[in-house]
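Here's a walk through one protein model, from the overall layout down to a handful of individual residues. Have the viewer open and follow along.

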Amino acid sequence: MIDKTIFKPVEIKGNKIFIYDGIRKKSDSVINISIIGPGLLGGSVALASKELSLVDKISLWVRRSDAISELVEADIADHVSDDFQEIIPEADLIVFATPVGAVGDILRKIIPIAKTNAVITDLCSVKGCVVELIDELLL
């Protein structure tokens, strides 16, 4: 089972992100966000994140390299790549915007290269199987 104490509640108000660490509110935290899957949901998260003053860098991972130029041209992120090594290691927040069936394979690839204190979240419609996969990979 995942140690729930590692999760940090996040609150977004206007253009600021408040990360709660215990009872302290750290509103000056600058974060790097990596979004895996820049479709409708992932792209929306990227666009919304651009409005937040405390987001330093937005990175997108794409499955198909031919989508890179289109996303760079759309200017919804600071960096777009099909290589996890370019997207994950600096991320403070990793957002899955992929089909549930792709989560397991991607988690196996990114957990070894993610920061130990990175927050991983998802936009999947189900949670149970995602939590079980993370439990399996981290424990």
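## Overall layout

The protein chain has five helices and eight strands. This is a predicted model, so keep that in mind throughout. Reading from the N terminus, the elements go β-β-β-β-α-β-α-β-α-β-α-β-α.

Of the 139 residues in the protein chain, 39% are buried. If you take the contacts in the protein chain with a separation of 6 or more, 59% of them are between residues 24 or more positions apart. The accessible surface adds up to about 8,100 Å², and carbon and sulfur atoms own 55% of that.

## The second largest pocket

Next up is a pocket. The second largest one has a volume of about 420 Å³. Its lining takes in 22 residues, and the ones nearest its centre are Gly-37, Pro-38, Trp-61, Arg-63 and Thr-98. Three helices give two or more residues each to that lining: α1 (40-50), α2 (68-74) and α4 (100-110). The largest share comes from α4, with four residues.

What is the chemistry of the wall? The lining of the second largest pocket splits into 13 nonpolar, four polar and five charged residues.

## Thr-98, by the pocket centre

Thr-98 is one of the residues nearest the centre of the second largest pocket, and it sits in the loop between β7 (93-96) and α4. Is Thr-98 buried or exposed? Its relative accessible area is 13%, so Thr-98 counts as buried, the cut-off being under 20%.

Which residues does Thr-98 touch, once neighbours within four places in sequence are set aside? The partners are Ile-36, Gly-37, Val-103, Ile-106 and Cys-124. Gly-37 also appears in the list of residues nearest the pocket centre.

## The aromatic pair

Trp-61, also nearest the pocket centre along with Thr-98 and others, has a second role to look at. The structure holds one aromatic pair, and Trp-61 forms it with Phe-84. A pair of aromatic rings is described by the distance of the centres and the angle of the planes. Here the numbers are 4.4 Å centre to centre and 15 degrees between the planes. The pair counts as stacked because that angle is under the 30 degrees cut-off.

The two partners come from distant parts of the chain, 23 residues apart: Trp-61 belongs to strand β5 (residues 55-61) and Phe-84 to helix α3 (residues 84-87). Trp-61 is buried, with a relative accessible area of 11%, and Phe-84 is buried too, at 10%.

## The cavity

Rolling a probe the size of a water molecule over the atoms shows where empty space is left. How many cavities of 30 Å³ or more does the structure hold? There is one, and the volume of the largest cavity is about 40 Å³.

Around the largest cavity you'll find Asn-32, Ser-34, Lys-57, Ser-59, Glu-86, Ile-87, Glu-90 and Ala-91. The elements β4 (31-36), β5 and α3 each put in at least two of the lining residues. By type, the lining of the largest cavity has two nonpolar, three polar and three charged residues.

## Three more residues to click on

Start with Asp-75, in the loop between α2 and β6 (79-81). Most residues other than glycine have a negative phi. Asp-75 has a positive one, near 55 degrees. At 47% relative accessibility, Asp-75 is partly exposed.

Val-119 lies in strand β8 (residues 119-122) and is partly exposed at a relative accessible area of 22%. Not counting residues up to four places away in sequence, Val-119 touches Asp-92, Leu-93 and Ile-94. For Val-119 and Asp-92, 27 residues of sequence separation come down to 6.2 Å between the C-alpha atoms. Finally, there's Lys-109 in helix α4, partly exposed at 46% relative accessibility. The C-alpha atom of Lys-109 is 9.9 Å from that of Ile-88, and the two residues are 21 apart along the chain.

Terms used:
Residues numbered from 1 in each chain as written. Predicted model: local features only at pLDDT ≥ 70, side-chain atom pairs only at ≥ 80, totals over all residues. Heavy atoms only, no water. 1 Å grid on protein atoms, 1.4 Å probe; cavity = no way out; pocket = protein on both sides within 12 Å on 5 of 7 lines; lining within 4 Å. Points joined across faces, edges and corners; volume = space filled by probe spheres on them. Nonpolar A, V, L, I, M, F, W, Y, C, P; charged D, E, K, R; others polar. Phe/Tyr/Trp six-rings, centres within 6.5 Å; stacked < 30°, edge-to-face > 60°. Buried < 20%, exposed > 50% of the residue type's maximum accessible area, 1.4 Å probe, protein only. Contact = heavy atoms within 4.5 Å. Areas by Shrake-Rupley, 256 points an atom, 1.4 Å probe, with all protein chains shown as cover.
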